[in-house]
Amino acid sequence: MKIKSLSLAIISATALLSGAAQAYETGDIIVRGGLASVNPDVDSGNLYAAGVEQADSKVDVNNETQLGLSLTYMIQDNIGIELLAATPFSHKLQGKGGLSALGEFAEVKHLPPTLSVQYYPMDNSSLFQPYVGLGLNYTIFFSEKFINGADSTFNSLELDDSLGLAAQVGFDYQVADNWSLNAAVWYMDIDTTGTFKGPAGDYKIDVSLDPWVYMAGVAYRF
Ligand code: NI
């Protein structure tokens, strides 16, 4: 009798779960939105002034959080194409090493659109849908400017756009029809060269930003 009610309980629980869970299928569109935080793992070269390398003259870049939005189109039941977008990120640049006295001396904005192929390993019975992705990031820098007095000495700051690989892991956890909670993390290869003008003429510095990008929010499946 106990075994019978136990198996009944398991059967009805399974029916409930498979009834509620709607895994992604070919043709689905999944929109994810939430807070996205860009945390650069900065590796700066030295500053070159008029072609001459300056010893111990590096920069650092702070973290920034904005609204992130991504759109996935399922081209197969387990494979999606995702475009990640966001409202513009604004980062402060500060001096490091011999340039520490500069403090926060510049501000740049960027948009990091990223196109990825995603793989969803779980089948239809799972409310938990983890995924991995690999893609390309194109980061556009704009509105670069000197601040906090540095603008009276230096001008014409430009950061080159960057094209690089991006890898991601994430998951959706279904909480209602078509709605899931979502969390994802990307590692993006973003490198740039900054150029500007000042008393010594032309300046140049190579900076590898290679950020970890964290996003947490909700997902809706159409
Ligand atoms: Ni890099």
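This passage describes the confidence of a predicted model, the setting of one threonine and a nonpolar surface patch. Residues are numbered from 1 along each chain as its sequence is written, and side-chain values use heavy atoms, without hydrogens and water. In this predicted model, local features need pLDDT of at least 70 and side-chain atom pairs count only at pLDDT 80 or more, while totals for chains, interfaces and linings use all residues.

The protein chain has a mean pLDDT (the predictor's confidence in each residue, from 0 to 100) of 91, and 90% of its residues reach 70 or more. Over residues 10-16 the pLDDT falls below 50, and this stretch has zero contacts (heavy atoms within 4.5 Å) beyond near neighbours in sequence.

T192 belongs to strand β15, residues 191-198 (strands are DSSP runs of E, at least two residues, numbered from the N terminus). With a relative accessible area of 6%, T192 is buried (under 20%; exposed is over 50% and partly exposed in between, with a 1.4 Å probe and protein chains only). A polar atom of the T192 side chain lies 2.7 Å from the backbone oxygen of D160. Beyond four places in sequence, the contacts of T192 include D160, F141, L159 and I205.

M122, F128, F171, Y173, V175, W179, L181 and V218 make a nonpolar surface patch of about 690 Å² (residues with over 30% relative accessible area and no salt bridge, nonpolar side chains being joined within 5 Å). Two or more residues each come from β13 (162-176) and β14 (179-188); β13 gives the largest share, three residues. F128, in strand β11 (residues 128-146), is partly exposed at 36% relative accessibility.

Note on methods
Helices (H or I, at least four residues) and strands (E, at least two) are DSSP runs, numbered from the N terminus. A polar contact is a pair of N or O atoms within 3.5 Å; within protein, one must be able to donate a hydrogen and the other to accept it, and residues adjacent in sequence count only if both atoms are side-chain atoms. Patches are made of residues with over 30% relative accessible area and no salt bridge: like charges are joined within 9 Å, nonpolar side chains (Val, Leu, Ile, Met, Phe, Trp, Tyr) within 5 Å. Accessible areas come from the Shrake-Rupley method with a 1.4 Å probe; for residues, only the protein chains shown count as cover. A salt bridge is a side-chain nitrogen of Lys or Arg within 4 Å of a carboxyl oxygen of Asp or Glu.
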